[in-house]
Protein chains: 2
Amino acid sequence: MLPVVVVHGGAGHCPKEMSESAKKGVCAAARAGYEVLRGGGSSMDAVVEAVTQLENNSLFNAGCGSVLNIKGDVEMDALVMDGQTLASGAVAAVRNIANPVQLSRLVMDKTSHVCLTAGGAQQFAESMGVPLVQQESLITLRPPACAGGRTWHPRPTQGKMGTVGAVAVDVHGNVASATSTGGILNKMEGRVGDTPCVGCGGYADNRVGAVSTTGYGEAIMKVTLARLILFHMEQGQSAEAASDSALAYMKSRVEGLGGVVTVDPQGHWAARFSSTQMCWAAAQEDVLHYGVYAGEHLTENITTPQ
Amino acid sequence: MLPVVVVHGGAGHCPKEMSESAKKGVCAAARAGYEVLRGGGSSMDAVVEAVTQLENNSLFNAGCGSVLNIKGDVEMDALVMDGQTLASGAVAAVRNIANPVQLSRLVMDKTSHVCLTAGGAQQFAESMGVPLVQQESLITLRPPACAGGRTWHPRPTQGKMGTVGAVAVDVHGNVASATSTGGILNKMEGRVGDTPCVGCGGYADNRVGAVSTTGYGEAIMKVTLARLILFHMEQGQSAEAASDSALAYMKSRVEGLGGVVTVDPQGHWAARFSSTQMCWAAAQEDVLHYGVYAGEHLTENITTPQ
């Protein structure tokens, strides 16, 4: 069953013309994470690699491709959590960084803190030698678009579609979670969503499992969605049942839709959503699983050339 | 049993010469919150009033009296949560605001977001007509001290001692939580602790109860302390037992010390801590309860002149 990695490219409405590209994007990210795991890398290495790939893909609302706030600026949130130590690292409302997930890992590894925000996060990046990038290089809503000129026009109603995330279990049974986002289109300056909030955007605990969430951030925070799923698993539910029951609770209690990827330390995994769609992919035992629509579950051999 | 309000002035080591003043501070805050409740105010009104009193008291590490970050600046975090709607509001790493708890409530009431950080939070404050204050007016570590020239010299080891918070249940059975802090002494610029993180610094749910936490923020985040206590209560534990078991878990799992104030919707309350001390006070049925040291539980009639 081990290793395994599961990624998501965001819950919400994925325009039909984008769905094939989105599938390719999540599949490539899952393959990249799986490659790390097969090479003996840790689950933390794998989730950071998978999320980095998604941040670098301008289709998704994280890193390059992030939506703009009300002032037309990119401010990004990210979180990583290590199930072995319960340590986590996060950045909130950070600007001019290509890969917030990597900066989150540096916060976890190189500071005594969990979360750095805004200018402080940027100063920390500079002190770590992380290059600052021009904001224009992160924006794909208007020309010049990055990554070969692809453009992406999210609708105001589409909320947080495109938040990306990954969970993994390595061969040692260690679990990890990573999540990254550009947030909500037209958000206020300085808005921090659920993503960098431990227990909301993600959680990882070797004794139970790991979760990364996507959806309407303010609803996710109301129910601390990631931690809620793991509480259900502590009570004996499977990764899939726990994910479904927590998503159903979020819908009934606070009318919030979203999606999650979940693993347990044995390698059982789930990619579940209450939204119309969620791009997801999983890699396990040399098989790639993926889908976008409810009930869609495609597979291919992982040695198949991409 | 209703209404009830319970406040804390922070877990950690309280120097003996400060303990009487700290007791007076938490008692005054509990009285203020209780007065709101007796006047028919909501639990949210009460916790914001109680925490405002503590922010204005330079003894405590929140608002005026906040510790300084590594650059000698004050950056504050705060969170409020409403148990009726599960709505919350927070500010993170905000500067030049006298009462972050009040600004958090404005974020909850006046925006569609949960958390605003740094400059964005400050801009929002200005847009709401909240006056910006000079940083010097918040600093009591060095002259000129505010509030009559009292000075306060926290030791580097003392961590987050002085984070303040309150929970309450009003006559309608609605619960609320509020927490506010200057964070950890010598923290990096932009460091965000557990306080503004929903489920960590606080949580409130009318179906279960409300919690406000204090202690080593990074440990509190590892175990999502506030939400953990309420999960225990959902499993049938009392407010006191749930608080104790979650604090014991935090100590054994991640070697973290802290304290909490907890209520259930029926008005049962607890003020528990694994740290050496925690200043706390509760007001219920016209009796004021308070203490600082382990096992200390003093009472006085709430009509007694202060």
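1. Buried here means under 20% relative accessible area. B:Arg191 has a relative accessible area of 1%, so B:Arg191 counts as buried. Its salt-bridge partner is B:Glu218, with the closest N and O atoms 2.9 Å apart. The two residues come from distant parts of the chain: B:Arg191 sits in strand β7 of chain B and B:Glu218 in helix α5 of chain B, 27 residues apart. B:Glu218 is buried as well, at 4% relative accessible area. Note that the model is predicted.

2. B:Arg191 also has a role in strand pairing between chains. Strand β4 of chain A (residues 115–117) pairs with β7(B) in the antiparallel sense, over two bridges. The bridge partner of A:Leu116 in β7(B) is B:Arg191. In general, strands of a sheet pair through backbone hydrogen bonds, either parallel or antiparallel.

3. The interface can be put in numbers. Chain B and chain A bury about 3,500 Å² between them. Carbon and sulfur atoms account for 59% of that area. Each side is listed separately: 44 residues from chain B and 44 residues from chain A take part in the contact. Polar contacts join 19 residue pairs across the interface, with both residues at pLDDT 80 or more. On the chain B side, the elements that give two or more residues are β4 (115–117), α4 (118–127), β7 (191–192), β8 (202–205), α5 (217–223), α6 (225–234) and α7 (239–254). By class, this side has 22 nonpolar, twelve polar and ten charged residues.

4. How many salt bridges lie between chain B and chain A? The count is two. One of them joins the side chains of A:Arg253 and B:Asp205, at 2.8 Å from N to O.

5. A sheet also takes in strands of both chains. It is an open sheet of ten strands with mixed pairing. The order is β7(A)-β4(B)-β3(B)-β2(B)-β6(B)-β5(B)-β1(B)-β12(B)-β13(B)-β14(B). The edge strands are β7 (191–192) of chain A and β14 (298–301) of chain B, and each pairs on one side only. Within this order, β5(B) and β6(B) are next to each other. Strand β5 (residues 164–169) and strand β6 (residues 175–181) of chain B run antiparallel and are joined by six bridges. In that pair, B:Ala168 stands opposite B:Ala176 of β6(B).

6. B:Cys200 deserves a look. It lies in the loop between β7 and β8 of chain B. With 0% relative accessibility, B:Cys200 counts as buried. Leaving aside neighbours within four places in sequence, B:Cys200 is in contact with A:Val198 of the other chain's lettering. The list for B:Cys200 also includes B:Asp194, B:Thr213, B:Ile220, B:Met221, B:Thr224, B:Leu225 and B:Ala226. B:Arg227 is 27 residues away from B:Cys200 in sequence, yet 6.7 Å away in space, C-alpha to C-alpha.

7. Chain A as a whole has seven helices and 14 strands. Its C-alpha trace spans about 45 × 45 × 45 Å along the principal axes. Of the 306 residues in chain A, 66% are buried. Among contacts between residues at least 6 apart in sequence, 65% join residues at least 24 apart.

8. The C-terminal strand numbering of chain A ends in a hairpin, formed by β13(A) and β14(A) with four residues between them. In the turn, A:Gly295 has a positive phi of about 85°. The strands, residues 287–293 and residues 298–301, run antiparallel and are joined by four bridges. A:Val287 stands opposite A:Asn301 in β14(A).

9. Where does A:Ser19 lie? It is in helix α1 (residues 16–38) of chain A. A:Ser19 counts as buried, because its relative accessibility is 4%. Not counting residues up to four places away in sequence, A:Ser19 touches A:Cys14, A:Val292 and A:Tyr293.

10. Over all chains the structure holds 30 salt bridges. Some lie within one helix. A:Arg105 and A:Asp109 meet at 3.3 Å, N to O. Both are in helix α3 (residues 100–110) of chain A, four residues apart, about one turn of the helix. A:Arg105 is partly exposed at 22%, and A:Asp109 is partly exposed at 44%.

11. Chain B offers a further case, in helix α1 (residues 16–38): B:Arg38 and B:Glu35 are three residues apart, about one turn of the helix. Their side chains meet in a salt bridge at 3.3 Å, N to O. B:Arg38 is partly exposed, with a relative accessible area of 39%. B:Glu35 is partly exposed too, at 48%.

Notes. Residues are numbered from 1 along each chain as its sequence is written. Chains are lettered from A and ligands numbered from 1 in the order in which they are written. This is a predicted model: local features need pLDDT of at least 70, side-chain atom pairs count only at pLDDT 80 or more; totals for chains, interfaces and linings use all residues. Side-chain values use heavy atoms; hydrogens and water are left out. Contact means heavy atoms within 4.5 Å. Buried area is the accessible area (1.4 Å probe) that two parts lose on being put together, summed over both. A salt bridge is a side-chain nitrogen of Lys or Arg within 4 Å of a carboxyl oxygen of Asp or Glu. A polar contact is a pair of N or O atoms within 3.5 Å; within protein, one must be able to donate a hydrogen and the other to accept it, and residues adjacent in sequence count only if both atoms are side-chain atoms. Ala, Val, Leu, Ile, Met, Phe, Trp, Tyr, Cys and Pro count as nonpolar, Asp, Glu, Lys and Arg as charged, and the others, Gly among them, as polar. Two strands pair if DSSP finds at least two bridges between them. Buried means under 20% relative accessible area, exposed over 50%, partly exposed in between (1.4 Å probe, protein chains only).
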